[in-house]
Amino acid sequence: MFLPFTKFMRVIAIDQRGVLRSDPIEEEESFGIFDLIEGCESIREQFGIKKWGIIGHSFGGYLAAQYQLNYPEKITRILLECPMFDLGSTARSLIAGAIQEYKRLGKDEMAEESLTAFK
């Protein structure tokens with residue numbers, strides 16, 4: 001989607017595959033970090049953009065950093081907003097939060113299942 005920003009810049013908001021308005025990931029579909037990076041590169045090529053700046057938020061920050069490593073000549077700037085670089089630590093934090101929320105809601109069985117996954 002294009003959002004007008006100025007006469008000299010445009011913002012392209014990309015829904016990560018399988019998230020929000022994008023199509024769901026099919027069971028047999030190749031889906032990993034490098035598939036997501038190649039998807040971004042394909043978008044850049046399709047729009048005929050020689051170089052672009054990237055803003056990465058949360059997991060998008062991780063993708064932006066990996067994209068820059070793969071395509072440094074295609075990047076003018078990179079802005080990381082609350083990036084997630086340690087996938088394991090982030091997952092453990094999310095599971096711990098889920099356990100707290102399940103307990104608060106009185107869903108002890110789900111809290112116990114989450115605790116098992118946490119270990």
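Here is a walk through the charged side chains of this structure, pair by pair and then on to a surface patch. Keep in mind that the model is predicted.

Start with the basic idea: side chains of opposite charge can pair when their charged atoms come close. Counting a pair as a salt bridge when a side-chain nitrogen of Lys or Arg sits within 4 Å of a carboxyl oxygen of Asp or Glu, you end up with three salt bridges here.

Let's begin in the loop between strand 2 (10–12) and helix 1 (33–46), where you'll find both Glu29 and Arg17. These two form a salt bridge, and their closest N and O atoms are 2.6 Å apart. The partners are twelve residues apart in sequence, so the pair ties together separate parts of that loop. As for how much of each residue is covered, Glu29 has a relative accessible area of 31%, which makes it partly exposed. Arg17 is also partly exposed, at 25% relative accessibility.

Now move along into helix 1, where Arg44 and Glu41 sit three residues apart. That spacing puts about one helical turn between them. They form a salt bridge too, with 2.5 Å between the closest N and O atoms. Are these two charged residues buried or exposed? Arg44 comes out at 6% relative accessibility and Glu41 at 3%. Buried means under 20% relative accessible area, so Arg44 counts as buried, and so does Glu41.

Next up is helix 3, which spans residues 87–104 and holds the pair Arg104 and Glu101. Here again the partners are three residues apart, about one turn of the helix. Their salt bridge has its closest N and O atoms 2.5 Å apart. Look at the surroundings, though: Arg104 is exposed, with a relative accessible area of 59%, while Glu101 is partly exposed at 34%.

Finally, what about charges outside these pairs? Asp23, Glu26, Glu27 and Glu28 form a negative surface patch. Patch members need over 30% relative accessible area and no salt bridge. Take Glu27 as one of the four: its relative accessibility is 80%, so Glu27 counts as exposed and clears that cut-off. Glu27 is found in the loop between strand 2 and helix 1, which brings you back to the loop that holds Glu29 and Arg17. So if you're colouring the model by charge, that loop has both the Glu29 and Arg17 salt bridge and Glu27 of the negative patch.

Definitions and conventions: Residues numbered from 1 in each chain as written. Predicted model: local features only at pLDDT ≥ 70, side-chain atom pairs only at ≥ 80, totals over all residues. Heavy atoms only, no water. Helix = DSSP H or I, 4+ residues; strand = E, 2+ residues; numbered from the N terminus. Buried < 20%, exposed > 50% of the residue type's maximum accessible area, 1.4 Å probe, protein only. Patch = residues over 30% accessible without salt bridge, like charges linked within 9 Å, V, L, I, M, F, W, Y side chains within 5 Å. Areas by Shrake-Rupley, 256 points an atom, 1.4 Å probe, with all protein chains shown as cover. Lys, Arg positive; Asp, Glu negative; His and termini not counted. Charge placed at Lys NZ, Arg CZ, Asp CG, Glu CD.
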